[in-house]
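Dear colleague,

I am handing over the structure below, and I would be glad if you could look through it alongside the notes that follow.

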Amino acid sequence: MVHVLYAGSPEPSAKTLELLVENAAASGYGIAGVLTNPPSAQGRHKELIPTPVARFAQEKNIPVFTPEHLDAAARGQIAAVNSDILVCFAYGHIFGPKFLSLFRFGGINLHPSLLPKYRGCTPVNAAVLNMDSETGVTVQKIAQEMDEGDILAQEIVRLNGMETAGSLLDYSAGHGAVLIRRILETVSETGMLPHGTPQTGMPSYTGIITKENGRIDWSRTAAEIDAQIRAYTPEPGCWTTEKDEPLRILTAHSADGGGTAQPGTVVSFDKKQGIMIQTGSGLLAVTMLQRQAKRAMDAVSFMNGARDFVGTVLK
C-alpha cells in the first residue's frame, strides 16, 4: 500500500481528491493525510471557513494539516503520518528540499496545461484568453523551480471556443485524477516512480489575475472580449461602467454585424441573441449581466427594467 499526502485547497482540487479517494482501495494506495491552506475569514462576521479540500477530508476522517508555513514544526507533524509520496494540485506554496525529503518517492504535481507552456498559477485562464485550440493536463515531478519538473503523464485537451476557465478547470481536475491514479498504481506495483521526460520547447509563464484584468476594453474585437469573459469566469469576472457605475458582464458571445457606432455603444436588443454592443470589430451579444448590489439578470429581464439602455455608451 502506497501512502499519499495530498496537498491542495480550492474546489477543483477537492474534486481530484474525491476521485482519488473513490479509487484508492482498488488501486493500491491510500490517502494518509491532507495538506491545505488555513481557514480563511469570510462574510460580515469573519467566520473562519475551511478550504474545500479540508471540508472533504474532514468528512472522510482523513487527517488535515493547515500550517501557515512548512517549517520544522509542520514537517514534524506531517512526518508522523509516514506518507510515501506527495501528490499536489493547486496548493499554492513552494515545497523546499527538507519537506520533499519526507517522501521516499518524492512529489508529483497536477498542472492544467501542456507544459512547458503556461507555467505558473493561471494556466487555464491563459489558454481561454488566448483562444487556443488546445491545451492539456500534465502530471510532473515536483522540482525546486516552479513547474520545471520532468513530465510523468500528459494529455492534450481540445478546445471548442465555448469553455470558461471554470469549466475547463473542472474538466482538468477530473481527467487529472485519472492520470494521477495510473501513476500511483504503477508505484504500488513496481515500488518505483515512473521515469519522467524532461520538458522541451519554449516555456511561457502566467501570473496572478486581479479585478482590473476583468475590465472590458470595448475597442477590442468581439471575439477577444468574448474570450476575456470566459477566461475570467467565475473569477474575477468581467465588468464595464454604465454612467460611472460598475456593470458586470456575466455571459456573452460574439455576433455578426456591427457598424460605425462608438465602441461600447448599446446599439440594439434582440430577444433571442441578447443586448447587442458595438466593439472595435463586430458585435458582442450580452445574455447575462448584473448591476452593482443587484441580482444577476438575463438580457430580457434586464431590458424590461432598463428600457432606455439602448444608446448607452459603456466605458
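To begin with a single residue, Glu185 is partly exposed, with a relative accessible area of 24%. Please keep in mind throughout that this is a predicted model. The side chain of Glu185 meets that of Arg181 in a salt bridge, with an N to O distance of 3.8 Å, and both residues belong to helix 7, where they stand 4 residues apart, or about one turn of the helix.

That pair is part of a wider set, since the search of the whole structure finds 11 salt bridges. Another of them joins the side chains of Lys15 and Asp170 at 3.1 Å, N to O; because Lys15 lies in helix 1 (residues 11–22) and Asp170 in helix 7 (residues 165–190), this pair ties together parts that are 155 residues apart in sequence. Lys15 counts as partly exposed at 28% relative accessibility, and Asp170 is also partly exposed, its relative accessible area being 37%.

A further salt bridge links Asp226 with Arg230, whose closest N and O atoms are 3.3 Å apart. These two residues are both found in helix 8 (residues 222–231), 4 residues apart, about one turn of the helix, and both Asp226 and Arg230 are buried.

Turning to the interior, the largest nonpolar core has 62 residues, and those with the most contacts inside it are Tyr6, Ile108, Ile275 and Phe309. Helix 7 contributes the largest share of this core, namely 8 residues. If its neighbours within four places in sequence are left aside, Ile275 is in contact with a list of residues that includes Val266, Phe269, Leu284, Leu289, Phe302, Met303 and Phe309. Another core lies apart from the largest one and has 14 residues, among them Ala7, Phe65, Leu70 and Ile78.

Lastly, there is the largest pocket, in which about 1,000 Å³ of space lies. Its lining is made up of 38 residues, of which Ala90, Gly120, Cys121, Thr122 and Pro123 lie nearest the centre of the pocket. Strand 7 (107–111), helix 6 (123–129), strand 9 (134–141) and helix 7 each supply at least two residues of that lining, which by residue type divides into 22 nonpolar, 11 polar and 5 charged.

Helix 7 may be a convenient place to start your own reading, as this helix holds Asp170 of the pair with Lys15, gives the largest share of the largest core and supplies at least two residues of the lining of the largest pocket.

With best wishes

Technical notes
Residues are numbered from 1 along each chain as its sequence is written. This is a predicted model: local features need pLDDT of at least 70, side-chain atom pairs count only at pLDDT 80 or more; totals for chains, interfaces and linings use all residues. Side-chain values use heavy atoms; hydrogens and water are left out. A salt bridge is a side-chain nitrogen of Lys or Arg within 4 Å of a carboxyl oxygen of Asp or Glu. Buried means under 20% relative accessible area, exposed over 50%, partly exposed in between (1.4 Å probe, protein chains only). A nonpolar core is a set of buried Ala, Val, Leu, Ile, Met, Phe, Trp, Tyr and Cys residues joined through side-chain atoms within 4.5 Å. Contact means heavy atoms within 4.5 Å. On a 1 Å grid over the protein atoms alone, a cavity is a set of points where a 1.4 Å probe fits but cannot get out, and a pocket is an open set with protein on both sides within 12 Å along at least five of seven lines; lining residues have an atom within 4 Å of a point. Grid points are joined across faces, edges and corners, and a volume is the space filled by probe spheres set on the points. Ala, Val, Leu, Ile, Met, Phe, Trp, Tyr, Cys and Pro count as nonpolar, Asp, Glu, Lys and Arg as charged, and the others, Gly among them, as polar.
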